[in-house]
Amino acid sequence: MPAPPATRTSAAASRSKGQFAINDKWIWGWDAVALSDYTFLQDYRLSLYKDPMASLLNLQTEAVSQLYLTGVGTRSFFDARTIYYLSYSGNQSQVPVIHPVVDYNNVIKNNIVGGEFSYKTNFTSLSRDTAAFSAITSGGCAPTSADTAEARKVVRANCILSGAPGTYTRFSAEAQWRKSYTDSFGQIFTPFAMLRVDAIDSSISNQPGVAAMGLTPGDTQALRVMPTVGLEYRYPFINVQPWGTTTIEPIAQVIIRPNETYAGKLPNEDAQSLNFDASNLFSVDKFSGNDRVEGGGRANVGVQATTQFDRGGSVNVLFGQSYQLFGMNSFAVADLTNTGVDSGLATAKSDYVARINYSPNRTYTFSTRARIDEQTSAVSRFEAEGRASFDRWSVSLMYGNYAPQVDLGYLTRREGLLASGSVKVAANWVVTGAARWDLEANKINQYTIGAGYVDDCFVLAATYGTSYAYAVGTAAPVLSHVFGFQLGLRTLGTTAAASTGAGVQ
């Protein structure tokens, strides 16, 4: 275990990155990272000058080393890579090694039965040494090897299993056909049909708590087949005025398919993130990855209105809801990560979702997104964001308000503001800054400033960041200062140095 940042005298990191074009369609390359200790990037935040918003939102949790091959055609895409994640937390045995992940998508050029036919495949194989548990209650997560009903109940109530120990391999293939018809009244009918097949092989280690989560240790082979047919209906009404054009469009979508097999019984590695909002209201499958597949009959309905002003600018509004028509609701089935349980989709009638986007011109954009509880009309999730981009500088401000999601470990409401900005002071020089204000605690809990020079051959950057950690029951925050410096020659490599200091303010 490395020394704490306050007492460490030195630390270093190196990165190698290369990319080569085989021809006009194919490239291959690598990205390799080596650190003196696993806390380096977290403690010194050397990447803040590049993406302060991602760091302030704590989105960066690991460094990535990978080898890849990518091909892009007119209507097709291929990507194959092996990935090694270096954990910032030091729990390296809980982080998967991916060997490999391969994706291929293709849209057939010629129509089939008058419609568009496409298909995609994904092959993923990964391994993990130790189970990755996370606590979802204030009591913490303490997996136990005791195989009793009470022990299993305690583990299941207090933990989620975000990563299963052992080896997990899955091959997924999906084919889709769709065609749009427009009748004499302007109504648009789009029938579609899909077939998804998943072949899964998993070898799960029998570690404490794994069986209590409902996962069967040992070798398991599964074949999951999901046929789908559906129809989407749109009826745009267009109103033209001297000042602009408004289109109001009711939308309805009916999807028929069987229940999801093996729901909650298999590892979930790539479908753990589910945010139900207006952007995926009309998605046939709302899960974010291939390890889960949405089953059962469903209807998605909504209305969209768009106004395009003659002098520039536009407004887009969408409001809608999703309904479980028959069969098992996949989102109501708690898997190893409780994905879907607190998503707003777990009931027969989903929460309402809405968005408003307003762009008066190319400089400014404003947007709001909301999810509203269907039974209580309380706002479960709300975001409002404003951005302005000029020739040399840009600013953004985002407000977020999120209800507790107890089954995912978020026990209290979260509310905050995130402000960021950047100024291009010269052709290759940029200055950035960002700050996050926790409105629940009424305190700024992190901010950073940085400056950097970047061109085709050279990288030079300096950063300063401050983090506040508030102890329970005390008013004085623990204050940490971070200074960083980076020098890079694109053809040779990158050198980095940093220092930290801590105190109480």
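**Notes on the predicted model**

1. Starting with a pocket: the lining of the second largest one splits by class into 8 charged, 7 nonpolar and 6 polar residues. This is a predicted model, so read what follows in that light. The pocket holds about 320 Å³ of space. Of its 21 lining residues, Asp342, Gly344, Asp351, Arg371 and Asp373 lie nearest the centre.

2. Next, some strands. β19 (residues 379-389) pairs with β20 (residues 393-402) in the antiparallel sense, over 9 bridges. The two are joined by a hairpin of 3 residues. If you want a register point, glutamate 383 stands opposite glycine 400 in β20.

3. β20 also pairs with β21 (residues 414-424), again antiparallel, this time over 10 bridges. Here tryptophan 393 stands opposite valine 423 in β21.

4. On to the aromatics: the structure holds 16 aromatic pairs. Take tyrosine 233 and tyrosine 235: their ring centres are 6.5 Å apart and their planes are at 65°, so this pair is edge-to-face; the cut-off for that label is over 60 degrees. Both belong to one aromatic cluster with Phe189 and Phe237. How exposed is tyrosine 233? Its relative accessible area is 23%, so tyrosine 233 counts as partly exposed, since buried means under 20%.

5. Last, two charges over rings. The charged end of lysine 179 sits over the ring of tyrosine 181, 5.0 Å from the ring centre. The charged end of arginine 414 does likewise over tyrosine 410, at 4.0 Å from the centre of that ring.

Notes
Residues are numbered from 1 along each chain as its sequence is written. This is a predicted model: local features need pLDDT of at least 70, side-chain atom pairs count only at pLDDT 80 or more; totals for chains, interfaces and linings use all residues. Side-chain values use heavy atoms; hydrogens and water are left out. On a 1 Å grid over the protein atoms alone, a cavity is a set of points where a 1.4 Å probe fits but cannot get out, and a pocket is an open set with protein on both sides within 12 Å along at least five of seven lines; lining residues have an atom within 4 Å of a point. Grid points are joined across faces, edges and corners, and a volume is the space filled by probe spheres set on the points. Ala, Val, Leu, Ile, Met, Phe, Trp, Tyr, Cys and Pro count as nonpolar, Asp, Glu, Lys and Arg as charged, and the others, Gly among them, as polar. Two strands pair if DSSP finds at least two bridges between them. Helices (H or I, at least four residues) and strands (E, at least two) are DSSP runs, numbered from the N terminus. Rings of Phe, Tyr and Trp (its six-membered ring) pair if their centres lie within 6.5 Å; planes under 30 degrees apart count as stacked, over 60 as edge-to-face and the rest as tilted. Buried means under 20% relative accessible area, exposed over 50%, partly exposed in between (1.4 Å probe, protein chains only). A charge sits over a ring if NZ of Lys or CZ of Arg is within 6 Å of the ring centre and within 35 degrees of the ring normal.
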